[in-house]
Amino acid sequence: MGPDPAWMFDLTGTVIPIFLAVVIGIVAVSAGRGLLVWSRNNSSPLLTIPARIVSKRSELRQQLQDDSNNSRTNTTYYLTYELENGVRMEFKVDGNEYGMSAEGDRGILTYQGTRYQGFQRQPHYSTAE
């Protein structure tokens, strides 16, 4: 009466190989994207240009560890810079740099592609912008 429908539920012969193929495909695509971003950043010129900080934000992630109600918190910090031509760029920075930065700070931004290299603040002594 036609093909046997039991082959679809054969765990070791069908389901596990398909699951492994999907997982390996996801890992390969993720690794490929990471290598592509890394390669583009390396081939981009290192730029050092005047900019100012226009925004600060942080992202808090909390993960429950196990049944003993232990949790782990991770904070990621971001600074948004505005270049002289009006273009805005956001970079992930470490906590020390985030804490020492204020909106309105002006200075020299150094970056390569999407890779943040640093920001040298230029002191200004006037309260009027």
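What share of the contacts in the protein chain between residues at least 6 apart in sequence join residues at least 24 apart? The share is 46%. The legends below describe a predicted model.

**Figure 1. Overview of the protein chain in the predicted model.** Two helices and five strands are present, and their order along the sequence is α-β-β-β-α-β-β. Of the 129 residues in the chain, 22% are buried. The chain exposes about 9900 Å², and carbon and sulfur atoms supply 56% of that area. Six salt bridges and six aromatic pairs are found in the structure. Some of these are shown in the views that follow.

**Figure 2. Nonpolar surface patch that includes Val23.** Ile16, Phe19, Leu20, Val23, Ile24 and Val27 together make a nonpolar patch of about 560 Å² on the surface. Valine 23 belongs to helix α1, which spans residues 11-43. With a relative accessible area of 34%, valine 23 is classed as partly exposed, because the partly exposed class lies between the buried limit of under 20% and the exposed limit of over 50%.

**Figure 3. Salt bridges of glutamate 82 with arginine 52 and arginine 88.** The side chains of glutamate 82 and arginine 52 form a salt bridge with an N to O distance of 3.1 Å. Glutamate 82 is in strand β2 and arginine 52 is in strand β1 (residues 46-64), so this bridge ties together parts of the chain that are 30 residues apart in sequence. The accessibility of the two partners falls into separate classes: glutamate 82 is buried at 17% relative accessibility, whereas arginine 52 is partly exposed at 25%. Glutamate 82 also meets the side chain of arginine 88 in a salt bridge, here at 3.2 Å from N to O.

**Figure 4. Salt-bridge network of Arg57, Glu59, Arg61 and Glu90.** These four residues are linked by salt bridges into a network. Within the view, the side chains of arginine 61 and glutamate 59 meet at 2.9 Å, N to O. Glutamate 59 is partly exposed, with a relative accessibility of 23%. Two members of the network, Arg57 and Glu59, are also among the residues touched by threonine 76, the subject of the next view.

**Figure 5. Surroundings of threonine 76 in strand β2.** Strand β2 covers residues 71-83 and contains threonine 76. A relative accessible area of 14% places threonine 76 in the buried class. Leaving aside residues up to four places away in sequence, threonine 76 touches Arg57, Ser58, Glu59 and Lys92.

**Figure 6. Aromatic cluster around tyrosine 81.** One aromatic cluster is formed by Tyr81, Phe91, Tyr111, Tyr116 and Phe119. Two pairs that involve tyrosine 81 are described here. Tyrosine 81 and phenylalanine 91 form a tilted pair, with 6.2 Å between the ring centres and 55° between the planes. This pair links strand β2, where tyrosine 81 lies, to strand β3 (residues 88-93), where phenylalanine 91 lies; the two residues are 10 apart in sequence. Tyrosine 81 and phenylalanine 91 are both buried. Tyrosine 81 and tyrosine 116 form a stacked pair, with 6.0 Å between the centres and 20° between the planes. Tyrosine 116 is in strand β5 (residues 115-121), and the pair joins that strand to β2 across 35 residues. Tyrosine 81 has a relative accessibility of 0% and counts as buried. Tyrosine 116, at 17%, also counts as buried.

**Figure 7. Surroundings of glutamine 112 in strand β4.** Glutamine 112 is placed in strand β4, which runs over residues 106-112. The relative accessible area of glutamine 112 is 15%, so this residue is buried. The side chain of glutamine 112 reaches the backbone oxygen of asparagine 41 at a distance of 3.3 Å. Beyond residues up to four places away in sequence, the residues touched by glutamine 112 are Asn41, Asn42, Ser44, Pro45, Leu46 and Gln117.

Note on methods
Residues are numbered from 1 along each chain as its sequence is written. This is a predicted model: local features need pLDDT of at least 70, side-chain atom pairs count only at pLDDT 80 or more; totals for chains, interfaces and linings use all residues. Side-chain values use heavy atoms; hydrogens and water are left out. Helices (H or I, at least four residues) and strands (E, at least two) are DSSP runs, numbered from the N terminus. Buried means under 20% relative accessible area, exposed over 50%, partly exposed in between (1.4 Å probe, protein chains only). A polar contact is a pair of N or O atoms within 3.5 Å; within protein, one must be able to donate a hydrogen and the other to accept it, and residues adjacent in sequence count only if both atoms are side-chain atoms. Contact means heavy atoms within 4.5 Å. Patches are made of residues with over 30% relative accessible area and no salt bridge: like charges are joined within 9 Å, nonpolar side chains (Val, Leu, Ile, Met, Phe, Trp, Tyr) within 5 Å. Accessible areas come from the Shrake-Rupley method with a 1.4 Å probe; for residues, only the protein chains shown count as cover. Rings of Phe, Tyr and Trp (its six-membered ring) pair if their centres lie within 6.5 Å; planes under 30 degrees apart count as stacked, over 60 as edge-to-face and the rest as tilted.
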